[in-house]
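Reader: Could you take me through one part of this model up close, and then relate that part to the rest? I would be glad of a connected account.

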Amino acid sequence: MTDLLIVGDTERCMELRHELPLRIGDPFLYAEIGERRVAVVWSIEGDRIAAIDPSVEIVPSETISVDDLVAAGVDYYEIEPA
């Protein structure tokens with residue numbers, strides 16, 4: 001199995017719409033690592049994803065600190081405002 005990383009929304013990204021067949025207008029991160037499927041989304045979207053596919057691990061984006069990202073080496077200007 002090939003690992004996969006997609007950043008986008010399901011309105012404009014066919015690949016994401018294929019993986020998660022529901023309307024999510026805000027961009028988010030979706031990854032497949034081995035057998036693991038993960039979506040980094042707002043909690044409300046996570047609830048919707050879990051309702052259609054409980055096998056997707058949800059990471060609420062509001063739990064990720066900008067300070068932690070910068071400390072991990074992410075360029076501050078690459079982080080989208082919340």
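Author: Happily! Let's start at Tyr 76, which counts as exposed at 53% relative accessibility. Tyr 76 sits in the segment that comes after α3, the helix of residues 66-71. Please keep in mind that this is a predicted model.

Tyr 76 has company on the surface: together with Val 66, Val 70 and Tyr 77, Tyr 76 forms a nonpolar patch. The accessible area of these four residues adds up to about 460 Å².

Now let's move to helix α2, where two residues make a nice pair to look at. Ile 44 is found in this helix, which covers residues 43-52, and Glu 45 has its place in α2 as well. Ile 44 is exposed, because its relative accessible area of 62% is over the 50% cut-off. Glu 45, on the other hand, has a relative accessible area of 16%, and because this is under 20%, Glu 45 counts as buried. Here, then, a nonpolar side chain is exposed, while an acidic one is buried.

What does Glu 45 touch? Leaving out residues up to four places away in sequence, Glu 45 is in contact with Arg 23 and Ile 24. Distances along the chain and through space are worth a look too. Ile 44 and Pro 60 lie 16 residues apart in sequence, with their C-alpha atoms 8.7 Å apart. For Glu 45 and Asp 67, the separation is 22 residues in sequence and 24 Å from C-alpha to C-alpha.

Ile 24, one of the contacts of Glu 45, leads us into the interior, as Ile 24 belongs to the largest nonpolar core. This core has 12 residues in all, including Ile 6, Cys 13, Leu 16, Leu 20, Phe 28, Tyr 30, Ala 39 and Val 41. Strands β2 (28-33) and β3 (36-41) each supply at least two residues of this core.

Leu 16 is a good place to finish. Again leaving out residues up to four places away in sequence, Leu 16 touches the core members Ile 6, Phe 28 and Tyr 30. Leu 16 also touches Gly 8, Asp 9 and Thr 10.

Key. Residues are numbered from 1 along each chain as its sequence is written. This is a predicted model: local features need pLDDT of at least 70, side-chain atom pairs count only at pLDDT 80 or more; totals for chains, interfaces and linings use all residues. Side-chain values use heavy atoms; hydrogens and water are left out. A nonpolar core is a set of buried Ala, Val, Leu, Ile, Met, Phe, Trp, Tyr and Cys residues joined through side-chain atoms within 4.5 Å. Buried means under 20% relative accessible area, exposed over 50%, partly exposed in between (1.4 Å probe, protein chains only). Helices (H or I, at least four residues) and strands (E, at least two) are DSSP runs, numbered from the N terminus. Contact means heavy atoms within 4.5 Å. Patches are made of residues with over 30% relative accessible area and no salt bridge: like charges are joined within 9 Å, nonpolar side chains (Val, Leu, Ile, Met, Phe, Trp, Tyr) within 5 Å. Accessible areas come from the Shrake-Rupley method with a 1.4 Å probe; for residues, only the protein chains shown count as cover. A salt bridge is a side-chain nitrogen of Lys or Arg within 4 Å of a carboxyl oxygen of Asp or Glu.
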